[in-house]
Amino acid sequence: MASQSRFIPEPKTAAIVGCPFSGGQPKPGVDQGPIHLIQAGLIGQLENLGWKVLFDGHHQFEEISAVHDPPIGILKNPRLVSRVTQSVAQAVGGHAARGELPVTLGGDHSLAMGTISGTLSKYPDACVIWIDAHADINTAETTESGNIHGMPVSFLLGLGPKVEEFSWLQPLLKPERLVYIGLRDVDNGEKKILRENNIKAFSMHEVDKYGIGKVVEMALDHVNPARDRPIHLSFDVDALDPSVAPSTGTPVRGGLTFREGHYICEAIYETGLLVALDMMEVNPSLADEASVQQTVAVGCSLLRSALGETLL
């Protein structure tokens with residue numbers, strides 16, 4: 001059943017922003033995720049759903065030599081991450097400004113600093129639904145690893161000490177416009193940040209308690225009570241249980257099932273409010289060939305569900 005989009009004009013166009021980027025975390029290979037998703041036939045799959053698909057190749061991010069990118073405090077690769085996410089913000093913002101729906105393929109989840117900034121440049125009242133095993137809301141003070149893929153949400157909210165390198169990033173996201181689903185591996189510092197800022201999060205405990213249908217409804221009631229705000233859906237494939245999506249950098253047992261992950265995407269599509277979509281942290285180098293193919297297939301399948309594929 002085709003859902004009429006309230007913000008994306010006909011003929012509806014999805015613009016794929018391929019981001020082969022791994023600088024926000026230490027494990028090699030996550031930069032290959034977007035390439036695998038495209039090679040798996042994603043463009044044709046979305047065209048079959050009635051979308052016009054724009055894709056002009058993956059973004060070739062300038063390599064900044066790590067020699068010239070020493071840590072800032074504990075933060076690793078800060079200049080690289082800043083420059084790349086700023087360029088992603090411009091790309092996503094440009095697509096959004098033209099009435100296209102940006103579909104960003106990651107790469108690691110630090111990219112969301114760029115994708116969500118881009119969305120908010122066009123839709124300042126948009127809300128963010130963040131599907132992830134992790135809260136990604138550490139600050140420069142709370143991070144233990146210094147890996148920026150665990151920090152994008154704090155930058156978007158303007159929390160923690162200012163980092164001059166990221167001065168381009170306006171903290172336009174408000175805590176009440178953010179909701180998490182699928183959390184199950186949250187640092188103590190992050191728990192404190194979530195509580196202090198009154199950020200709504202549905203962990204796997206709530207998914208078990210209420211069922212995924214109720215959780216999605218409660219999440220939407222929180223960030224989008226009148227069902228009139230644009231929605232940015234940022235999906236980290238590690239939200240799914242590793243038995244479903246094994247090929248990712250930081251797998252955590254006890255995650256969303258295949259159907260729960262798809263239900264979220266289907267339900268967001270049904271609102272007609274989706275304006276931007278991220279699929280992050282598919283890492284084809286971290287598993288055997290069958291597991292890689294399985295994870296890439298699930299990534300494509302989730303994207304199709306978020307863009308209108310239904311079971312009947």
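Two strands count as paired if DSSP finds at least two bridges between them. Keep that in mind as you look through these views of a predicted model.

**View 1. Thr104 and its bridge partner in a neighbouring strand.** Here you can find Thr104, whose bridge partner in E8 is Asp278. Strand E3 (residues 101-106) and strand E8 (residues 274-280) are joined by 3 bridges and pair in the parallel sense.

**View 2. The open sheet of 8 strands.** Try following the strands in their order, E2-E1-E3-E8-E7-E4-E5-E6, with parallel pairing. Which strands are the edge strands? They are strand E2 (52-54) and strand E6 (200-203), and each pairs on one side only. From one strand to the next, the twist averages 15 degrees.

**View 3. Two helices lying across the sheet strands.** Helix H4 (residues 112-122) lies across E3, strand E4 (127-131), strand E7 (231-236) and E8. H4 runs at about 175 degrees to E8. Helix H9 (residues 258-271) lies across E4, strand E5 (178-183), E7 and E8, and runs at about 165 degrees to E7.

**View 4. Helix H10, from start to finish.** Helix H10 (residues 289-306) reaches 26 Å from its first C-alpha to its last, close to the 26 Å expected at 1.5 Å a residue. At the start of H10, look for Asp288: one of its side-chain oxygens comes to within 3.2 Å of the backbone nitrogen of Ala290. After H10 comes Gly308, with a positive phi near 115 degrees.

**View 5. The surroundings of H10.** Why is H10 described as largely enclosed by the rest of the structure? Of its 18 residues, 13 are buried, so the rest of the structure largely encloses H10. Buried here means under 20% relative accessible area.

Methods. Residues numbered from 1 in each chain as written. Predicted model: local features only at pLDDT ≥ 70, side-chain atom pairs only at ≥ 80, totals over all residues. Heavy atoms only, no water. Helix = DSSP H or I, 4+ residues; strand = E, 2+ residues; numbered from the N terminus. Axes fitted to C-alpha atoms, helices over the stretch in contact; angles between N-to-C directions. Contact = heavy atoms within 4.5 Å. Expected span 1.5 Å × (residues − 1). Buried < 20%, exposed > 50% of the residue type's maximum accessible area, 1.4 Å probe, protein only. Polar contact = N/O pair within 3.5 Å; in protein donor to acceptor, adjacent residues only side chain to side chain.
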